[in-house]
Amino acid sequence: MTSVGTIANQAVSSAESKTHELGGKYLSFRLAGEEYGLEILKVREIIGLMEITPVPCTPSFVLGVINLRGKVIPVTDLRSKFRMAPAERTGQTCIIVVDMGLLEMGILVDSVSEVRNISSEAIEAPPNFGTEVKTDFILGMGKLADRVTILLDINKILTSEEINTLQPLSAKKAA
């Protein structure tokens with residue numbers, strides 16, 4: 001019989017080994033005054049704000065689609081997805097085009113900061129908020145000087161059902 005303490009130790013050990021694999025380059029960006037990071041290998045490009053064509057019957061966090069050099073890309077509002085208050089769009093508001101494997105998607109962010117190299121030692125497992133709060137889209141917490149960067153797993157921000165909703169939007173070529 002396994003004790004609760006042993007299971008807890010195994011969970012902590014597993015979380016620690018995951019964070020040791022996470023060191024590398026991250027694109028940092030801001031949402032609602034907080035800093036977030038995406039693995040640089042998932043980022044295709046950063047573009048300025050452009051006209052977004054709304055698409056009916058999509059989830060509320062989906063702003064619509066853009067025509068990016070002849071390719072239709074769905075764009076989501078990360079603030080809305082994370083249940084943050086909407087913000088006025090500024091000259092620094094931009095779209096980060098990310099590769100989610102089966103889907104290329106744009107995410108609207110307040111601003112992009114820089115590419116940072118974060119070592120494995122500077123990344124901690126995400127805090128446990130209990131079973132009621134879903135945090136599996138957080139890779140870890142990057143500790144940089146006097147602040148924390150929330151490192152996101154772009155492949156887990158959307159549910160499989162949400163991805164299935166967006167895939168048909170990106171399958172079409174723009175005219």
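A residue is called buried when its relative accessible area is under 20%, exposed when it is over 50%, and partly exposed in between (1.4 Å probe, protein chains only). The exercises concern a predicted model, in which local features need pLDDT of at least 70 and side-chain atom pairs count only at pLDDT 80 or more, while totals for chains, interfaces and linings use all residues. Residues are numbered from 1 along each chain as its sequence is written, and side-chain values use heavy atoms, with hydrogens and water left out.

**Exercise 1. Salt bridges**

Task: Determine how many salt bridges the structure holds, and place the pairs of D110, E104 and K143.

Solution.

Step 1. The criterion is a side-chain nitrogen of Lys or Arg within 4 Å of a carboxyl oxygen of Asp or Glu. The structure holds nine such salt bridges.

Step 2. D110 is paired with R79, with the closest N and O atoms 2.8 Å apart. This pair links distant parts of the chain, since D110 is in the loop between β7 and β8 (111-118) and R79 is in helix α2, 31 residues apart. Helices (H or I, at least four residues) and strands (E, at least two) are DSSP runs, numbered from the N terminus. Both D110 and R79 are buried.

Step 3. For E104 the partner is K71, and the closest N and O atoms are 3.1 Å apart. Because E104 belongs to strand β7 and K71 to strand β5, the pair ties together parts that are 33 residues apart in sequence. K71 counts as partly exposed, at 32% relative accessibility.

Step 4. K143 forms a salt bridge with E124, the closest N and O atoms being 2.9 Å apart. K143 is in strand β10 and E124 in strand β9, 19 residues apart. K143 is partly exposed at 37% relative accessibility, and E124 is partly exposed with a relative accessible area of 42%.

Step 5. A network of salt bridges links R30, E35, E114, R116 and R147.

**Exercise 2. Aromatic pairs**

Task: Classify the ring pairs Y36 with F82 and F82 with F137.

Solution.

Step 1. Rings of Phe, Tyr and Trp (its six-membered ring) pair if their centres lie within 6.5 Å; planes under 30 degrees apart count as stacked, over 60 as edge-to-face and the rest as tilted. By this rule there are three aromatic pairs.

Step 2. The ring centres of Y36 and F82 are 6.0 Å apart and the planes are at 35°, so this pair is tilted. Y36 lies in strand β2 (residues 34-39) and F82 in the loop between α2 (78-81) and β6 (94-99), 46 residues apart. Y36 and F82 are buried.

Step 3. The rings of F82 and F137 have centres 5.3 Å apart and planes at 25°, so the pair is stacked. F137 lies in the loop between β9 (123-124) and β10 (138-144) and F82 in the loop between α2 and β6, so the pair ties together parts that are 55 residues apart in sequence. F137 counts as buried at 17% relative accessibility.

Step 4. F29, Y36, F82 and F137 form one aromatic cluster.

**Exercise 3. The surroundings of strand β5**

Task: Establish which strands pair with β5, in which sense, and over how many bridges.

Solution.

Step 1. Two strands pair if DSSP finds at least two bridges between them. Strand β4 (residues 62-68) pairs with β5 in the antiparallel sense over six bridges; I66 has I73 of β5 as its bridge partner.

Step 2. β4 and β5 form a hairpin with two residues between them, and R69 in the turn has a positive phi of about 50°.

Step 3. β5 and strand β7 (residues 104-109) run parallel, joined by three bridges. The bridge partner of T76 is I107 in β7.

Step 4. Strand β5 (residues 71-77) has six of its seven residues buried, so it is largely enclosed by the rest of the structure.

**Exercise 4. Positive phi outside glycine**

Task: Locate A32 and R83, and decide whether each is buried, partly exposed or exposed.

Solution.

Step 1. A32, with phi near 50°, is found in the loop between β1 (24-31) and β2. Its relative accessible area is 40%, so A32 is partly exposed.

Step 2. R83, with phi near 60°, lies in the loop between α2 and β6. Its relative accessible area is 80%, so R83 is exposed.
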